[in-house]
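Trainee: Could you walk me through one part of this model close up? I'd like to see how a ligand sits in its surroundings.

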Amino acid sequence: MSALLSVRGLSAGYGGPPIIEDVSFDVEENEIAVILGPNGAGKSTVLKTIFALTSVTGGAIDFHGTSLVGRKTSTLVTIGISAVPQSRNIFPHLSVDENLDVGTYAAPPADPAATRENVLELFPDLRAKLKQPAGELSGGQRQMVALGRALMCEPKLMLLDEPTAGLSPAYLERIFDLLLDIRKTGVTILLVEQNARQALQIADHGHVLVNGRNFASGTGKALLADENVRRSFLGGAAA
Amino acid sequence: MTELSGLFFYLVSVLIAGGIYALLCLALNIQWGMGGLFNAGIVGFFAIGAYTSAILTTPETAKHLGGFELPIFAGLIGAAIIAGVTGWAVARICVRLKSDYLAMASIGIAEILRLVIVNESWLTNGSLGISGIPRPFGEYTAGRPADLVFLAYVWLIVLIVYLVATRLYNSPWGRSLRAIRDNEASAAAAGKNVERFRTQTFVIGCAFMGVAGALSAHYFRFLSPSATDPLLVTFLVWVMLMAGGSGNNRGAIVGALGIWALWSVTEIFTNRLPPEWATRSSFIRMLLVGLLLQYVLQKFRAGILPEKSPPLHFEDEAERPAPEK
Amino acid sequence: MIDFINFYLFPALAIGSVYALGAVGISMIFGILRFAHFAHGDLMTLGAYGVLAAAAVLPFNSVLLLPFGIVLAIVAALLVDKIFYQPLRQLPTIYTVISSFGVALIFRSLVQLVWGSQNQVYGSGGVRPPLIFFDAIRVSALHVQAIVATAVIALCLHFFLSRTKTGRSMRAVSDDPELAQVAGLDTEKVVRWTWIIGAALAAVAGLFAGMDTSAHPNLGWNLLLPMFAAAILGGIGKPMGAMAGGFIIGLAEELSSYPWIGDQALISPSYKTAVAFVIMIVLLIVRPQGLFKGRLL
Amino acid sequence: MIRLEGICVDFGGLRAIDHVSFDVGAGAITGLIGPNGAGKTTAFNVIAGAVRPTAGRVLFDGEDITGLKPYQRAQRGLARTFQIPHEFYRLTVLENLMAAASAPEGENVFNVVFRRRSFGAEERAIYDHARETIRFLELDHVRDEKAGNLSGGQKKLVELGRALMRDPKIILLDEIGAGINRTLLSKLADKISALNEEKGLTFCLIEHDLDYVSRLCSHVLVMAQGELLTEGTVDAVRNDERVIEAYFGGGKYEAHL
Amino acid sequence: DDTKVGVLMDITGPIASFIPPLQNAANLAVKQVNDQGGLLDGKAVAIYGDTTGSAQGAVDAAQKLANVENVPIVMGALMSGTTIAAAEAVFIPSGIVQISPTATSPAMTDMKDNDLVYRIVPSDNFQGQVLAQMVLDQGIEKVAVTYVNNDYGVGIGQTFMDAYRAAGGEIVAEVKHEEKKNSYRSELATLAKGGADHLVVIAYAGDSGGKIVKQSIEGGLFSNFVGTDGLRDELLIKDVGAEALKTSFFSSPTSPADNPAQKTLHDAFNAEYGEGADKAFVDQTYDATFLTLLAIEKAGSADRGAMAAALRDVASSPGEKVGPGEWAKAKALLKEGKDIDYDGAGGSYNFDANGDVSGLIGKFVVDGDGYKQIAIFE
Ligand SMILES: Nc1ncnc2c1ncn2[C@@H]1O[C@H](COP(=O)(O)OP(=O)(O)OP(=O)(O)O)[C@@H](O)[C@H]1O
Ligand SMILES: Nc1ncnc2c1ncn2[C@@H]1O[C@H](COP(=O)(O)OP(=O)(O)OP(=O)(O)O)[C@@H](O)[C@H]1O
Ligand SMILES: [Mg+2]
Ligand SMILES: [Mg+2]
């Protein structure tokens with residue numbers, strides 16, 4: 001069976017010199033894949049490129065066997081991909097409720113009310129803030145709103161750029177549990193993480209990116225065990 | 001021969017007007033290009049400068065305030081001071097406003113100033129205007145050659161303002177100003193007194209706009225509210241700066257000259273249209289100007305000379321790391 | 001008192017509805033495309049002339065011919081957006097502002113080229129006898145039409161913005177266009193609708209302004225600044241606020257010269273326009289988000 | 001060095017901080033932890049002057065600075081970073097750092113236009129300091145890149161760099177670690193300790209990674225729901241029931257450094 | 001060889017709506033010249049300059065006329081502000097003669113112009129004074145006055161009020177108003193307070209003047225109006241109807257009562273363009289253009305230095321009379337070395353030392369679709 005998402009020899013950039021070059025990896029259906037790497041390695045750029053937010057200069061991206069290159073971002077949501085960017089990921093002047101609502105416009109879920117309820121279940125902190133403009137939330141609360149919005153359209157594949165950045169340990173745990181949970185419902189997840197150790201513990205596969213190129217790939221466990229990876233990217237010495 | 005000398009004097013006139021616009025553009029570049037202050041009321045400060053200098057340098061008349069008969073240079077200084085002080089007062093009220101809001105406020109203030117100029121005849125002789133405004137060295141020159149003297153005068157001032165603007169831009173002051181432009185909160189966290197910087201910027205820019213106004217009053221020798229058309233002052237100057245490249249002083253001058261030449265020269269061509277078009281040629285010209293403006297905007301996205309960070313003079317070039325990849 | 005109603009209040013409401021209709025478009029464009037649309041007044045002019053052109057061939061009341069003006073304004077708006085504004089979207093908005101200024105010149109000179117620069121009146125012109133209520137209140141029929149039409153439009157607009165998906169997407173796009181795209185919203189469609197609504201309302205405003213006096217190429221341009229003031233007053237990106245702002249500016253301008261104290265005009269009518277700006281500036285300073293809590297730029 | 005006394009902050013109807021008092025000791029590295037929305041960033045904003053408290057006082061070196069503007073506090077030696085990066089996006093990385101430095105001579109308009117020699121030495125020193133900081137933050141290769149084009153983590157590093165450029169007495173670090181690669185983060189920790197030990201620089205940092213906090217901080221403040229829950233040494237706090245309940249989850253995922 | 005004459009007009013900008021008939025008038029003069037033997041030994045070519053209604057634009061357009069097009073003489077501009085700016089900054093230094101058909105600012109009288117700047121309308125001072133007399137002669141001793149806040153309105157308005165008061169009239173209300181507003185009802189309410197029956201409106205029909213008349217009729221505030229040449233426009237009749245203007249009268253610079261020249265021009269104009277001969281300032285624009293052409297023909301060359309003398313010569317007596325459209329005749333007479341005296345549609349122009357004319361002011365009332373002159377004041 002071919003992978004759900006297959007990235008082959010991908011090069012992309014922001015108009016200047018290419019930021020990522022010849023990047024390849026596969027994400028199987030129903031798995032959690034994580035991209036790791038130092039700051040500025042091009043992790044976010046990979047996600048943005050898949051989501052048609054940067055210009056592809058070479059290579060192929062296939063989703064369900066059809067090419068995504070050249071598609072408009074807004075149509076990707078309708079085929080079941082949703083994304084949470086690293087920064088600027090909430091609508092600051094819309095209320096939390098409206099932020100969640102926006103998630104349903106492009107690809108309405110079967111039962112919006114139930115989906116919303118599920119999301120609020122996940123992030124009970126948000127209940128008290130439903131009417132508040134999202135721009136007035138704390139850093140962590142914003143992160144919850146952003147994830148909530150992406151979940152509202154019941155996606156097949158989620159692209160998450162550092163979903164746990166700024167979340168407290170309890171929430172970090174909750175998010176990772178959540179990722180495991182939604183994977184059970186048939187959702188595939190590709191995420192970028194700097195909380196790499198924890199991420200690798202739940203990830204089926206990890207891909208390390210350095211200087212815009214593939215550096216290492218493997219199962220989560222294998223990468224955790226790899227001394228070299230550990231020293232260079234996971235913050236040094238043994239666990 | 002007369003053809004040639006005619007063209008020469010036309011060129012001189014384009015350069016005089018272009019020089020005055022260059023001043024306005026440099027002033028706007030200080031406010032917008034460095035300071036991010038969206039001043040859409042340029043014409044107000046221009047008018048203040050023009051009227052100040054006109055009132056200071058004209059002979060006594062019963063029609064309006066005046067009779068000081070000061071030398072022209074004093075008129076320019078006066079224009080700079082009064083325009084600067086007005087700028088300071090405006091800045092006191094408005095400088096906290098964010099970009100587009102400042103634009104709206106400054107349009108409003110310019111419009112109010114225009115109404116004052118038109119209505120307060122004791123001060124400005126209202127819509128009848130101030131006549132008999134002298135030119136520098138007017139006693140010694142006459143006729144068309146006088147324009148040459150004025151040309152030199154204008155560009156001398158452009159040069160001075162350019163030097164000042166460049167020094168401002170290349171300095172730590174300019175750097176902090178650009179930082180404030182990009183992010184106020186974090187500039188404040190870095191100890192920058194945002195309001196003070198912005199007020200300084202606004203005042204300096206307004207003073208230079210006043211000087212430009214003064215020069216044009218002396219150029220026209222006559223000043224009436226018809227010289228304070230926002231279309232030809234505020235908007236055209238914005239177009240010039242965006243076309244030339246905001247954040248770049250040389251770009252400001254290039255933009256001023258280029259757009260003014262474009263504006264002026266188009267008429268020569270539309271005048272050459274066949275006679276059936278004669279009554280419409282002016283509108284064809286406006287259309288042409290509108291279209292050319294679009295062309296310039298699309299073609300030079302970041303202006304003809306885009307903003308670039310000032311050089312660090314003491315830097316050893318060899319130290320500069322080659323960009324990776 | 002009757003004087004107040006006849007000569008101050010109703011004219012103020014009428015001019016207020018023109019401002020209101022124009023300001024809605026300005027506010028929406030400001031909110032969604034994030035730039036001050038300087039060609040909006042000239043879009044109004046186009047609308048007014050569209051009706052005029054239709055009236056030259058069709059023997060109907062001008063108000064019935066409004067669709068022609070609306071279509072002309074919409075087509076013009078969509079075209080300039082496609083050709084001129086869209087390529088500049090990635091740049092700082094000041095470029096689009098300048099571009100819209102050029103578009104204003106283009107619109108105006110086209111109107112002048114096609115229809116000439118002279119004033120033109122709708123229908124047979126002539127003095128229209130006012131409607132008289134209670135023997136004392138004299139209101140121009142046109143003013144009543146304008147005020148009623150504006151109220152109806154306000155209701156429809158409110159429904160559109162709060163109930164339809166496109167209307168609600170507008171708020172998201174206006175908040176953060178990039179993220180809206182990431183959330184799968186078709187930003188270009190939202191932009192298109194913004195132009196359609198903005199231009200249609202501009203055409204209505206243009207027609208009322210033109211019928212109130214006469215149509216001329218500078219019709220809309222002359223109204224632009226007070227409409228900006230109205231949009232700001234209402235709070236950027238708040239169409240309903242802009243409506244209210246339009247009425248407030250109209251009322252303030254006209255009522256400022258009412259002899260509130262003694263029997264001299266409170267403010268010399270020559271400073272009438274200044275009143276709108278003073279209000280705007282004061283508001284900007286004490287409440288920059290506008291009366292209705294619009295976006296802070 | 002910093003002392004909050006009875007601080008309350010209200011946003012509309014919401015009380016984000018409720019009568020909080022604490023001390024940040026001079027020469028120490030103090031941690032501020034707590035669940036999301038606890039009011040940590042707001043507390044920093046109160047200290048830095050970006051948010052005005054509804055009640056209470058802020059003391060800095062014993063002096064009441066409650067009425068001072070952010071820039072005045074910065075000029076007295078208080079530096080802070082922002083949780084969401086606030087870079088000068090059209091300035092290069094080098095300029096970002098240099099712009100953050102204080103340059104009293106070079107920021108004087110008169111000097112700039114008429115006495116250009118007056119700030120040459122000052123500028124040189126700022127430049128050298130910026131170069132050194134950039135090298136340390138491993139940002140050399142993007143030194144001349146516009147800061148707006150950096151990656152999320154790089155922006156955070158610039159954020160830190162700007163604070164270091166201030167030569168402050170105290171630095172408030174708001175989740176500097178979120179989004180920073182762990183290897184680099186651990187180097188940053190070394191640097192922070194070094195600055196603290198060698199120059200006696202005071203730090204107060206918000207961080208969610210408790211291992212990181214424990215590595216650096218002698219003293220930890222815990223906030224929850226706008227109140228100061230408890231304070232003490234890392235170990236004491238770690239074992240506090242209330243803290244565990246409010247803050248930690250089940251500790252399922254291992255994150256030891 | 002063709003000879004260029006400059007035509008400087010405020011084509012775009014605030015008075016754009018006045019311009020089309022005036023351009024026609026200027027073109028008509030040039031066309032007649034070319035149809036009837038041409039100018040000197042070639043054709044006449046009108047070179048337009050557009051002041052855009054602003055001082056900057058006026059000076060720029062004037063520079064092009066003076067330097068690029070090298071014209072010897074210029075007709076224009078129309079607004080006083082642009083006329084003076086162009087003259088001061090360009091035409092006087094370049095030694096070019098300028099005739100404005102409409103600039104009425106008193107400031108032009110004592111300009112140091114080396115005898116280069118002329119106009120063929122009386123200064124505002126004159127029309128204002130005459131209007132005061134006209135109103136008093138009608139037996140109206142109490143009026144309300146409103147004038148537009150530009151050089152035209154302020155110029156005439158102030159002199160009118162001074163003269164009217166000096167002669168015993170009472171001004172019960174006075175409001176200066178801004179151009180380009182949509183509603184003047186609040187101004188009108190103020191004006192009506194004074195209780196006068198007559199409203200003196202010094203403004204343009206195409207702009208505030210027309211709106212003021214219309215809105216005061218609609219509001220039932222005034223029904224008797226006294227207007228100046230700016231208001232005396234067919235547009236006004238079209239806009240408010242002849243019926244409503246029955247009791248109103250207007251002043252306007254004019255020519256002697258039995259001036260056949262005006263009819264000649266209007267016939268020729270309407271034959272050429274179908275309509276518009278009665279528009280404000282058409283006569284003056286035509287005459288000014290015709291005079292520039294005559295001056296060149298008289299001087300025998302396009303030499304700038306010779307224009308002033310030639311202009312004075314062809315405009316004033318003694319000499320054989322020529323009128324509008326009579327180019328062939330004029331050309332023949334000049335060829336014979338005879339002196340000519342142009343009497344135009346707007347009257348006979350005799351320039352005084354300042355380049356001003358005294359002129360006549362006519363009193364007009366509405367008659368059908370147009371205006372009828374019923375008296376002449378000197
Ligand atoms: N400008 C504001 N207007 C209204 N409420 C606000 C504002 N800023 C913060 N809040 C609220 O105040 C509370 C505290 O926010 P704060 O940003 O201080 O939290 P925090 O402790 O820094 O959390 P995190 O770890 O998620 O960054 C939150 O509930 C937030 O929603
Ligand atoms: N809009 C942009 N324009 C130009 N260059 C950019 C832009 N965004 C990112 N870059 C450059 O691309 C490189 C990779 O950035 P990217 O955001 O993909 O990094 P990342 O791996 O996500 O890092 P981080 O962990 O810090 O988020 C960086 O060096 C950055 O300078
Ligand atoms: Mg990233
Ligand atoms: Mg926080």
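Mentor:
**Around ligand 1**

Start with D:T42: an N or O atom in its side chain is 2.4 Å from an oxygen atom of ligand 1. Keep in mind that this is a predicted model, so treat that distance as a computed value, like the others here. Taken alone, ligand 1 exposes 640 Å², and the protein buries 88% of that.

Now look at who does the surrounding. Ligand 1 lies between chains A and D, and you can pick up contacts from both partners. On the chain A side, the side chain of A:Q141 has an N or O atom 3.0 Å from an oxygen atom of the ligand. Over on chain D, D:A38 joins in through its backbone instead, with an N or O atom 3.1 Å from an oxygen atom of ligand 1.

Zoom out a little and you'll find 21 residues around ligand 1. The closest are A:K129 and A:G140 from chain A, plus D:K40, D:T41 and D:T42 from chain D. Want to place them on the fold? Three elements each supply at least two residues of the shell: α5 (139-151) of chain A, and β2 (14-24) and α1 (40-48) of chain D.

Finally, check what kind of residues make up that shell. Sorted by class, twelve are polar, five are nonpolar and four are charged. So when you trace the ligand on screen, go back to D:T42, A:Q141 and D:A38 in turn.

Notes
Residues numbered from 1 in each chain as written. Chains lettered and ligands numbered in written order. Predicted model: local features only at pLDDT ≥ 70, side-chain atom pairs only at ≥ 80, totals over all residues. Heavy atoms only, no water. Near = heavy atom within 4 Å. Polar contact = N/O pair within 3.5 Å; in protein donor to acceptor, adjacent residues only side chain to side chain. Areas by Shrake-Rupley, 256 points an atom, 1.4 Å probe, with all protein chains shown as cover. Helix = DSSP H or I, 4+ residues; strand = E, 2+ residues; numbered from the N terminus. Nonpolar A, V, L, I, M, F, W, Y, C, P; charged D, E, K, R; others polar.
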